[in-house]
Amino acid sequence: MTKTHVIIVAAGRGSRFGGDMPKQFRMLGDRPVLMETIIGIGRALPRAEITIVLSAEFVAFWERCCESAGFVSPRVVTGGDTRWESVKNAIEAIAPSDDSYVLIHDGARPVVKADMIKRIMSALDAGATAVVPAVPVTDSLREISDTGGDSHAFDRSRVVAVQTPQAFRGDVIRKSYTLPYDSAFTDDATVCEAAGFGSPVIVEGSPVNLKITRPRDLEIAALFLR
Ligand code: CTP
Ligand code: MG
């Protein structure tokens, strides 16, 4: 069995969601979103070592949540101002070995399906150095011109929407996160590509693996979990 780490990033502010409490701590049914995410990952990967990344100001709050729920928290690492910095802190803390696997998941994606995780793990076992789950785009697309004045139809079969967990071999993700920050680093596969590791293997994602972004998404996630 290959040693598998899962990093769950939950140090964001949730500015699009709004309110004082970041979305990962909002209640989804009877537990906070982040707890649901951890449980989903734990169910799909019972032997994995999970690390969660929290902003320093919410660590004590999270500990109280866990205590009142009788929930044992995975190891906590402190995050930073960008998702990239949050992931980097976790990678430095776990220092994955070269041939281990590292999965990086958004704490705001609580609907984790085991079949999707299986596809990701199979791709790693088959030798992929980087794996990304993705789903087809169903809306028609238009590309807007640089000036914003006009647009033209864009073939949706040429694009996919990328999800998490994205998965990597330990050496690949460790080396990639030594690059200096670039604002184009919106996900982890992009960092690995910039580090020269080529494009990731794409596996079928999950249509229910939504990222909670706005308040309405909480209700949708609750339906998906039922
Ligand atoms: N994240 C993080 N550290 C940051 C920013 C984001 O750990 N500095 C995490 C979020 O907590 C979330 C995941 O990365 O689980 C995906 O980010 P996103 O959905 O953009 O969350 P936020 O950045 O919190 O939301 P927003 O962009 O609306 O402010
Ligand atoms: Mg964000």
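Ligand 1 has 19 residues around it, and V9, A11, G14, S15 and S86 come closest. Keep in mind that this is a predicted model. The ligand takes up the space of the largest pocket, and there's a second largest pocket to look at too, with a volume of about 320 Å³. A couple of backbone oddities, at P165 and A95, round things off.

**Around ligand 1**

- Start with the backbone: a N or O atom of A11 sits 2.8 Å from an oxygen atom of ligand 1.
- G14 also brings in a backbone N or O atom, 2.8 Å from an oxygen atom of the ligand.
- With S15 it's the side chain that does the work of reaching over, putting a polar atom 2.5 Å from an oxygen atom of ligand 1.
- On its own, ligand 1 would expose 560 Å², and the protein buries 88% of that.
- Two elements, β1 and α3, each put two or more residues into the shell around the ligand.
- Sort that shell by class and you get four nonpolar, eight polar and seven charged residues.

**The largest pocket**

- This is the space that ligand 1 takes, and its volume comes to about 850 Å³.
- Its lining runs to 36 residues, with A11, G12, R13, T82 and R83 nearest the centre.
- β1 (4–10) and α3 (83–94) are the elements that supply two or more lining residues here.
- Of the elements, α3 gives the most to this lining, with three residues.
- By class, the lining splits into 11 nonpolar, 15 polar and 10 charged residues.
- A11 turns up twice, then: it's among the residues nearest the pocket centre and among those closest to ligand 1.

**The second largest pocket**

- This one has a volume of about 320 Å³.
- It's lined by 17 residues, and M1, T4, L45, R47 and M121 lie closest to its centre.
- On the element side, α1 (33–44) and α4 (114–125) each chip in at least two lining residues.
- The top contributor is α4, which hands over five residues.
- Nonpolar residues number nine in this lining, alongside two polar and six charged ones.

**Backbone features worth a look**

- As a bit of background, most peptide bonds are trans, and most residues other than glycine have a negative phi.
- T164 and P165 are joined by a cis peptide bond, with omega at about 5°.
- You'll find P165 in the loop between β10 (160–162) and β11 (166–169).
- A95 isn't a glycine, yet its phi is positive, at about 40°.
- That residue, A95, belongs to the loop that links α3 and β6 (101–106).
- So where does α3 show up in all this? It gives residues to the lining of the largest pocket, it's one of the elements in the shell around ligand 1, and it borders the loop that holds A95.

Technical notes:
Residues numbered from 1 in each chain as written. Chains lettered and ligands numbered in written order. Predicted model: local features only at pLDDT ≥ 70, side-chain atom pairs only at ≥ 80, totals over all residues. Heavy atoms only, no water. 1 Å grid on protein atoms, 1.4 Å probe; cavity = no way out; pocket = protein on both sides within 12 Å on 5 of 7 lines; lining within 4 Å. Points joined across faces, edges and corners; volume = space filled by probe spheres on them. Helix = DSSP H or I, 4+ residues; strand = E, 2+ residues; numbered from the N terminus. Nonpolar A, V, L, I, M, F, W, Y, C, P; charged D, E, K, R; others polar. Near = heavy atom within 4 Å. Polar contact = N/O pair within 3.5 Å; in protein donor to acceptor, adjacent residues only side chain to side chain. Areas by Shrake-Rupley, 256 points an atom, 1.4 Å probe, with all protein chains shown as cover. Sits in = over half its atoms within 2 Å of the grid points.
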